[in-house]
Amino acid sequence: MKPIKLNKILKNGKAMFLAYDHGLEHGPSDFHDKDANPGYIIDIAKKGRYNAVIFQKGIAEKYNSQIKKSHVPLIIKLNGKTSLFQGEPVSRQICSVKEALKLGASAVGYTIYIGSKHESIMMKEFDEIERQAHEKGIPVIAWVYPRGKSLAKKSKGEIMAYASRTGLEIGADIIKMKFEGTMKELAWAVKVAGKTKVVIAGGTKANEKTFLKQVKDFMNAGAIGLAVGRNVWQAKKPIEISNKIRKIIFGQKGR
């Protein structure tokens, strides 16, 4: 196995990712007029000086020249599903590691819905993806999202910690997870992730002051950064809020 090249998507061990895999996961109703255009997102990623931008393979392919010109590292999400089916979730692989590398990916990602009756299918696919990516020295990010009827009686903090620990146990280099619970519970979730790094999902559009306060709290709890989407590209001034996020993650001098 080659050394994993985390420095291509991290700066000083910190992460500031611009996420845009929403079109498949949530549908076009999640977009406004400007942010429906992937080119607009690439421009924000460049001007906002993000460590990486996250796309599904279709956008990575159709906008590949623009992505390369931006010089923003690319993370390709290798699986996905729509939000139309409401049963126990399963998200199957739709892009290979080989395809992602041909498109210039510096890292790959994969979602596992732990708690779903289909979790073993996703864990099996993740195992093969991880093996193939690590043979090439490419980092693997696990989106670990608890879902399913079996979670009904579990506390949010317990589930969040289970998600982070799962990422460590399955060999992910970085865990992308949602914050649910308290900051004390998040700090515990980061601790049980061990040497696997934790990145927090930006979530739905929120008041700017509230959102930035959360980012500070995430960093204080031990997360290495943020994978943010709507709170940036749906903002009136996306570059301005990107600068504020960068100062929180990398310190007052930014990067």
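1. Leaving aside its neighbours within four places in sequence, which residues is Val97 in contact with? Leu78, Ile129, Gln132 and Ala133. This is a predicted model, by the way, so read everything below as computed from it.

2. Staying with Val97 for a moment: the residue sits in helix α5, which covers residues 97-102. Its relative accessibility is 3%, and buried means under 20%, so Val97 counts as buried. Glu128 is 31 residues away from Val97 along the chain, yet the C-alpha atoms of the two are separated by 9.6 Å.

3. Now the overall layout. There's a barrel here: 8 strands close up in the order β1-β2-β3-β6-β7-β8-β9-β10, and the pairing is parallel. On average, neighbouring strands of this sheet are turned by 25° against each other, ignoring direction.

4. Where does β1 pair in the parallel sense over 4 bridges? With strand β10, residues 225-228; in that pairing Ala15 stands opposite Gly225. β1 also pairs with strand β2 (residues 52-56), again in the parallel sense, this time over 3 bridges. On that side, Phe17 is the residue standing opposite Ala52.

5. Is strand β1 mostly covered or mostly open? Mostly covered: the strand runs over residues 15-19, and 5 of its 5 residues are buried. In a regular strand, side chains alternate between the two faces of the sheet. Here Ala15, Phe17 and Ala19 point one way, while Met16 and Leu18 point the other way, and all are buried.

6. Elsewhere in the barrel, strands β8 (residues 174-177) and β9 (residues 197-201) run parallel and are joined by 4 bridges. If you want a register marker for this pair, look at Ile174, which stands opposite Lys197 in β9.

7. Next, helices lying on strands. Helix α2 lies across β1 and β2, and runs at about 160° to β2. Helix α6 (residues 119-135) lies across β6 (105-112) and β7 (140-144), running at about 165° to β6.

8. On to helix pairs. Two packed helices are described by the angle between their axes and the distance between the axes. For α7 (residues 156-170) and α8 (residues 183-192), the angle is about 20° and the axes are 8 Å apart. Angles under 35 degrees count as roughly parallel, so that is the label for α7 against α8. The crossing is right-handed. From α7, the contact uses Gly157, Met160, Ala161, Ser164, Arg165 and Leu168; from α8, Glu185, Leu186, Trp188, Ala189 and Val192. Sorted by class, that contact has 7 nonpolar, 2 polar and 2 charged residues.

9. What about α2 (residues 38-47) and α11 (residues 238-250)? Their axes come within 9 Å and cross at roughly 40°, which means α2 is oblique to α11. α2 passes α11 in a right-handed crossing. The residues that meet are Tyr40, Ile44 and Lys47 in α2 and Pro238, Ile239, Ser242 and Arg246 in α11. They divide into 4 nonpolar, 1 polar and 2 charged.

10. One thread worth following on screen is α2: this helix lies across β1 and β2 and also meets α11 through residues including Tyr40 and Ile44.

Terms used: Residues numbered from 1 in each chain as written. Predicted model: local features only at pLDDT ≥ 70, side-chain atom pairs only at ≥ 80, totals over all residues. Heavy atoms only, no water. Buried < 20%, exposed > 50% of the residue type's maximum accessible area, 1.4 Å probe, protein only. Helix = DSSP H or I, 4+ residues; strand = E, 2+ residues; numbered from the N terminus. Pairing = 2+ DSSP bridges. Axes fitted to C-alpha atoms, helices over the stretch in contact; angles between N-to-C directions. Parallel < 35°, antiparallel > 145°, perpendicular 65-115°, else oblique. Left-handed = near helix turned anticlockwise from the far one by under 90°. Contact = heavy atoms within 4.5 Å. Nonpolar A, V, L, I, M, F, W, Y, C, P; charged D, E, K, R; others polar.
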